[in-house]
Amino acid sequence: MTPIRLVWSGLAAAVWLATLAPASAAPRKIDFNRDIRPILSDNCYACHGPDEKARKAKLRLDVAEGALAKHGSSAAIVPRDLKKSELWARVTSKETNDVMPPPSTAPLAARKLRIL
Ligand code: HEC
């Protein structure tokens, strides 16, 4: 390859990257089924899923009614209110007694936390 061709292919690559960048950098709208459910499914449904016998704390996170239901004074998810959402308090908790998923299981990756 002659040097001028190298420059051209470098330019072409830069243009190509530039056209890709905005799409991936723009904040995507979070979609419950696409973005949230897989995280809960992988990390929470073993104990808060469809299997009634395995379910802990009578909390179901696989259906909206369960996730939004009142549990005493709190609810797992209070739409658009992180501070009132027990789920958020639990996944970000530093207390081994409170944190979800429990320390015996794999912790949530930071990326998943940001999405939640
Ligand atoms: C290994 C089983 C297990 C897994 C996995 C698990 N939990 Fe739990 N969860 C429990 C148990 C047991 C309790 C009840 C004891 C307690 O409150 O700490 C509980 C309680 C909770 C509560 C409080 C419910 C209430 O009424 O106060 C929330 C919210 C919660 N879990 C969210 C989650 C989330 C979100 C995940 C996934 C990121 C998760 N849990 C994964 C076992 C689990």
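Where is P101 found? P101 sits in the loop between α5 and α6, and the close-ups below start there. Please keep in mind that this is a predicted model, in which local features need pLDDT of at least 70, side-chain atom pairs count only at pLDDT 80 or more, and totals for chains, interfaces and linings use all residues. Residues are numbered from 1 along each chain as its sequence is written, and side-chain values use heavy atoms, with hydrogens and water left out.

**View 1. A cis peptide bond leads into P101.** The bond from M100 to P101 has omega near -10°. P101 belongs to the loop between α5 and α6, where helices are DSSP runs of H or I with at least four residues, numbered from the N terminus.

**View 2. H48 and M100 coordinate the iron atom of the ligand.** The coordinating atoms are NE2 of H48 and SD of M100, at 1.9 to 2.2 Å (donors are N, O and S atoms within 2.8 Å of the metal, or 3.2 Å for Na, K and Ca). Around the iron atom, 6 donor atoms subtend angles of 82 to 179°, so the arrangement is octahedral (six donors, opposite ones over 155 degrees apart and all others between 65 and 115). Because H48 lies in helix α3 and M100 in the loop between α5 and α6 (110-115), the pair ties together parts that are 52 residues apart in sequence.

**View 3. Polar side chains reach the ligand.** H48 places a polar side-chain atom 2.8 Å from a ligand nitrogen. For H71, an N or O atom of the side chain is 2.9 Å from a ligand oxygen. R90 likewise has a side-chain N or O atom 2.9 Å from an oxygen atom of the ligand. Polar contacts are pairs of N or O atoms within 3.5 Å.

**View 4. A shell of 17 residues surrounds the ligand.** Shell residues have a heavy atom within 4 Å of the molecule; the closest are C44, C47, H48, H71 and M100. Helix α5 gives the largest share, 4 residues.

**View 5. A57 has a positive phi.** Its value is about 60°, although A57 is not a glycine. A57 lies in the loop between α3 and α4 (64-68).

Definitions and conventions:
A polar contact is a pair of N or O atoms within 3.5 Å; within protein, one must be able to donate a hydrogen and the other to accept it, and residues adjacent in sequence count only if both atoms are side-chain atoms. Helices (H or I, at least four residues) and strands (E, at least two) are DSSP runs, numbered from the N terminus. Four donors count as tetrahedral if all angles lie between 85 and 135 degrees; four count as square planar and six as octahedral if opposite donors are over 155 degrees apart and all others between 65 and 115; anything else is irregular.
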